[in-house]
Amino acid sequence: MSPDPSGAAPRRVPDFFIVGHQKCGTTALYEMLKRHPQIFMPEVKEPRYFVPELLRPDRVLSTLDGYLALFADAPPGQLAGEASPQYIRSPTAAQAIAQMQPQARIVAVLREPASFLRSFHLQMVHSDIEPERDLRKALALVEERRQGRRLPRGCISAEPLMYFDHVRYVEQLERFHTAFSRERVLVLVYEDLRRDNRAAVRQILEFLDVDPGVAVEPVRTNPNRAVRSQALRRLADSARTARMHPEHATALGKLVNALTPSALHSEGFRARWRDVVYKTPPPPDPGLVRELRIRFRPEVEALSAYLGRDLVADWGYDRLD
């Protein structure tokens with residue numbers, strides 16, 4: 001609970017945080033945990049309150065009142081949690097979370113680095129943050145963008161595009177282990193989650209000290225898809241924003257939404273529309289994958305020692321020689 005200076009009843013603060021990484025199954029975990037009767041998850045999946053540099057300042061979630069309002073409906077008997085996978089990359093989020101909720105429990109998910117960067121880059125393109133569709137070329141832009149050059153138009157923060165910086169797993173975990181005791185931080189491996197998400201969710205439920213025997217159906221989130229047409233994607237997104245969040249809609253979005261027959265909002269039509277806008281991404285470049293795995297082998301070795309688990313073997317980094 002967070003004290004209210006007005007003297008009103010204390011406001012509810014989250015009891016646990018899923019802190020990431022992105023493209024590591026955090027959406028599936030959010031959906032599955034949300035179905036547990038002893039857990040409350042807000043409708044907003046990624047509040048991002050503790051990474052203000054990634055928030056638009058005009059959004060209500062950039063204020064403490066707006067953030068805590070997400071958890072106001074959590075019943076006293078439920079644990080409240082949220083899932084903002086950007087927290088793990090932030091140099092300040094861990095301490096900020098600890099200041100608000102020193103008894104918080106933290107769930108972090110890590111993924112084999114080359115696979116993670118490819119999937120993350122596809123997501124950045126999908127979200128219209130990254131205009132460079134070729135991963136190798138996007139990686140080559142990192143240092144220029146770090147100096148403020150060749151940034152995409154409308155870029156709120158260059159941080160997501162600093163791809164190599166995201167694979168600093170030990171440093172990221174150390175920040176949370178500094179802010180919280182080790183028993184309050186659960187580190188999962190994405191490949192384990194993919195292989196058996198029932199077992200992974202049960203591990204989280206036991207970690208949160210809620211009933212692990214409750215049947216929670218597995219959730220498969222949509223796989224990454226390459227953008228076929230950014231223009232059509234932007235048009236669809238603007239119409240969806242006008243339909244679901246009219247207070248943030250553009251004039252074009254409102255017009256497109258108003259002209260769209262209600263029948264076109266059906267799931268069947270949306271599925272066909274997604275096939276027009278998106279396509280199956282090309283297979284990963286084997287040469288680039290090898291280069292990335294060689295680059296990140298020292299990090300994987302350090303992570304293996306830090307966690308006491310042989311991720312060098314689990315992720316196949318012992319087969320690079």
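1. Histidine 21 sits in the loop that links strand 1 to helix 1, and that loop is a good place to begin reading this predicted model. The peptide bond between glycine 20 and histidine 21 is cis, with omega at about 10 degrees. Glycine 20 is also within strand 1, which covers residues 16-20. I would look at this bond alongside the next point.

2. Lysine 23 belongs to the loop between strand 1 and helix 1 as well. Its phi is near 60 degrees, a positive value in a residue other than glycine. The loop therefore offers you two backbone features to inspect: the cis bond joining glycine 20 and histidine 21, and the positive phi of lysine 23, with helix 1 then covering residues 26-34.

3. Now for the chain as a whole. The protein chain holds 14 helices and seven strands. Of its 321 residues, 46% are buried. Among contacts with a separation of 6 or more, 70% are between residues 24 or more positions apart. The accessible surface is about 16,400 Å², and carbon and sulfur atoms contribute 53% of that area.

4. Five strands form an open sheet in the order 2-3-1-4-5, and their pairing is parallel. Strand 2 (39-40) and strand 5 (185-189) are the edges, each pairing on one side only. As a reminder, strands of a sheet pair through backbone hydrogen bonds, either parallel or antiparallel.

5. Which strands are joined to strand 3 by bridges? Strand 2 is one of them: two bridges link it to strand 3 (residues 79-83), and the two run parallel. Here isoleucine 39 has leucine 79 of strand 3 as its bridge partner. Strand 1 is the other, joined to strand 3 by three bridges and again parallel. In that pairing, isoleucine 18 is matched with alanine 83 of strand 3. Strand 3 is mostly covered, with four of its five residues buried.

6. Leucine 79 in strand 3 deserves a closer look. Is it buried, exposed or partly exposed? Leucine 79 has a relative accessible area of 22%, so it counts as partly exposed, the cut-off for buried being under 20%. Leaving aside neighbours within four places in sequence, leucine 79 is in contact with Arg12, Asp15, Phe16, Gln38, Ile39, Phe40, Leu208 and Val210. Ile39 in that list is also its bridge partner. The C-alpha atoms of leucine 79 and valine 210 are 8.5 Å apart, although 131 residues separate the two along the chain.

7. At the other side of the sheet order, strand 4 (residues 105-110) and strand 5 run parallel and are joined by five bridges. Alanine 108 stands opposite valine 187 of strand 5 in this pairing. Why is strand 5 described as largely enclosed by the rest of the structure? Four of its five residues are buried, so the description holds even though strand 5 is an edge strand that pairs on one side only.

8. Two packed helices are described by the angle between their axes and the distance between the axes. Helix 1 (residues 26-34) packs on helix 9 (residues 197-208) at an angle of about 65 degrees, and their axes lie 11 Å apart. The crossing is right-handed. Leu29, Met32 and Leu33 of helix 1 make the contact with Asn197, Val201, Ile204 and Leu205 of helix 9. By class, there are six nonpolar residues, one polar residue and no charged ones.

9. Asparagine 197 is part of helix 9 and takes part in the contact with helix 1. What is its relative accessible area? The value is 15%, so asparagine 197 is buried, given that buried means under 20%. Not counting residues up to four places away in sequence, asparagine 197 touches Met32, Pro218 and Val219. Met32 is one of the helix 1 residues in the packing described above.

10. Finally, aspartate 209 lies in the loop between helix 9 and strand 6 (226-227). Its phi is positive, at about 65 degrees, although it is not a glycine. With a relative accessible area of 67%, aspartate 209 is exposed, since the cut-off for exposed is over 50%. I would view aspartate 209 together with lysine 23, whose phi is also positive.

Notes: Residues numbered from 1 in each chain as written. Predicted model: local features only at pLDDT ≥ 70, side-chain atom pairs only at ≥ 80, totals over all residues. Heavy atoms only, no water. Axes fitted to C-alpha atoms, helices over the stretch in contact; angles between N-to-C directions. Left-handed = near helix turned anticlockwise from the far one by under 90°. Contact = heavy atoms within 4.5 Å. Nonpolar A, V, L, I, M, F, W, Y, C, P; charged D, E, K, R; others polar. Buried < 20%, exposed > 50% of the residue type's maximum accessible area, 1.4 Å probe, protein only. Areas by Shrake-Rupley, 256 points an atom, 1.4 Å probe, with all protein chains shown as cover. Pairing = 2+ DSSP bridges.
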